Amino acid sequence: MRITVLAGGVGGARFLRGLKAATPDAEITVVGNTGDDIDLFGLHVSPDLDTVMYTLGGGISEEQGWGRDGETFTVLHELAAYGAGPGWFGLGDRDFATHIARTSMLREGVPLSAVTRALCERWQPGVTLLPMTDNRVETRVTLAVKGEGEAGGGTVHFQEWWVRLHAEVPAAEILFTGAGSAAPAPGVLEAIEAADCVLLPPSNPVVSVGAILAVPGIAEAVGAKTVVGVSPIIGGTPVRGMADACLAAIGVDTTAAAVAAHYGAGLLDGWLVDDQDKEAADDPRLAGITVRALPLLMRDLAASAEIARAALTLAAELRSGGGGDEPGAPS
Ligand code: GDP
Ligand code: CA
């Protein structure tokens, strides 16, 4: 079986770990978000690609869910002693090595997709990990003007808003700069077209999945397949992190149903919601999307595998022509 997954960082990686456990023989291609990529200290950092690579390759910090295990921070401390910033982005020594290796290849003219393949030779993540594009796409946030005399109106890199400002300043707009003229990385459209199903893990629908879908051609290719998504919202909260701040910026409520309605029936065929959100099945906005409820908290590998199995089961049912007639479907 061939499965293609559009993934952000922590939520995507945890789901993928479960997916691999649920279906060890499947050929899995992961299209990773690069809108969060940022240049720091002259180095190209790809947070979401690295989170997937480290998590599936066994090098992740389990406590944080991102970054390397057994990290030390000598380099960052030495840089701080020179007053070299920014000080708000945590980069450990082991992680630095990844960014140095990536940047040196990029400087030689190697595209990010080939660089990612080279880095994965070490980590053997057991999936084909592709960046969404080899072009530079940068997620930027226009800060809302809060009030007279207060900061606002300017635009900052997504990481600055998320990590430095903790998304506390409301976002007026989220932009994927460069996306309009970006092309899907080699292999991305092919992997989507060849897939038996496309899965959307419980990744941030705006800045992770949304950034991937902003690359011209990807949304159309995905929409033509059987697509099952997993809600990143449980009981009106984003479980971990601040995804609600991103949803607010695009005028989408922080509910499992609103996120599915945002993706729309043109993209999604099936939608997994938590048991707490099972009323989403009756939401008229989700006509044409088959909704199924189950526990969606990825508290451990077994729980993540169970969610992945449910996504595959639903995709198989939808593919075999069940369509909107499935039990639990709103129409
Ligand atoms: P990021 O790039 O590290 O922010 O990671 P992703 O975009 O892949 O996913 C982050 C999202 O995963 C968060 O906004 C949460 O809404 C969602 N999430 C995190 N943990 C869980 C979980 O245990 N269950 C579900 N359903 N969603 C989760
Ligand atoms: Ca991310």
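## Exercises on a predicted model

In this predicted model, the buried residues of helix H11 (residues 256–263) pack against strand S9 (197–200), helix H8 (209–213), helix H10 (243–249) and strand S11 (270–273).

**Exercise 1.** Work out which residues of H11 are buried.

Solution.
- Apply the cut-off: buried means under 20% relative accessible area.
- Ala 256, Ala 257, Ala 258, Val 259, Ala 260 and Tyr 263 are buried.
- Six of the eight residues of H11 are buried, so the helix is largely enclosed by the rest of the structure.
- Just after H11 comes Gly 264, with a positive phi of about 85°.

**Exercise 2.** Find the residues that coordinate the calcium ion (ligand 2), and place them in the chain.

Solution.
- Asp 36 (OD) and Asp 48 (OD), the latter listed twice, coordinate the ion at 2.1 to 2.6 Å.
- Asp 36 sits in the loop between strand S2 (27–32) and strand S3 (38–40).
- Asp 48 belongs to helix H2 (residues 47–57).
- The two are 12 residues apart, and the pair links distant parts of the chain.
- Asp 36 has 6% relative accessibility, so it counts as buried.
- Asp 48 has 7%, so Asp 48 counts as buried.

**Exercise 3.** Describe how H2 packs with helix H4 (residues 93–107).

Solution.
- The angle is about 120°, and the axes lie 12 Å apart.
- H2 and H4 are therefore oblique to each other.
- Their crossing is right-handed.
- From H2, Asp 50, Met 53 and Tyr 54 meet Asp 95, Thr 98, His 99 and Arg 102 of H4.
- By class, this contact has two nonpolar, two polar and three charged residues.

Methods:
Residues are numbered from 1 along each chain as its sequence is written. Chains are lettered from A and ligands numbered from 1 in the order in which they are written. This is a predicted model: local features need pLDDT of at least 70, side-chain atom pairs count only at pLDDT 80 or more; totals for chains, interfaces and linings use all residues. Side-chain values use heavy atoms; hydrogens and water are left out. Donors are N, O and S atoms within 2.8 Å of the metal (3.2 Å for Na, K and Ca); water is not among the atoms, so sites may look incomplete. Helices (H or I, at least four residues) and strands (E, at least two) are DSSP runs, numbered from the N terminus. Buried means under 20% relative accessible area, exposed over 50%, partly exposed in between (1.4 Å probe, protein chains only). Axes are lines fitted to C-alpha atoms, for helices over the stretch in contact, and angles run from 0 to 180 degrees between N-to-C directions. Angles under 35 degrees count as roughly parallel, over 145 as roughly antiparallel, 65 to 115 as roughly perpendicular and the rest as oblique. A crossing is left-handed if the near helix is turned anticlockwise from the far one by less than a right angle, and right-handed if clockwise. Contact means heavy atoms within 4.5 Å. Ala, Val, Leu, Ile, Met, Phe, Trp, Tyr, Cys and Pro count as nonpolar, Asp, Glu, Lys and Arg as charged, and the others, Gly among them, as polar.
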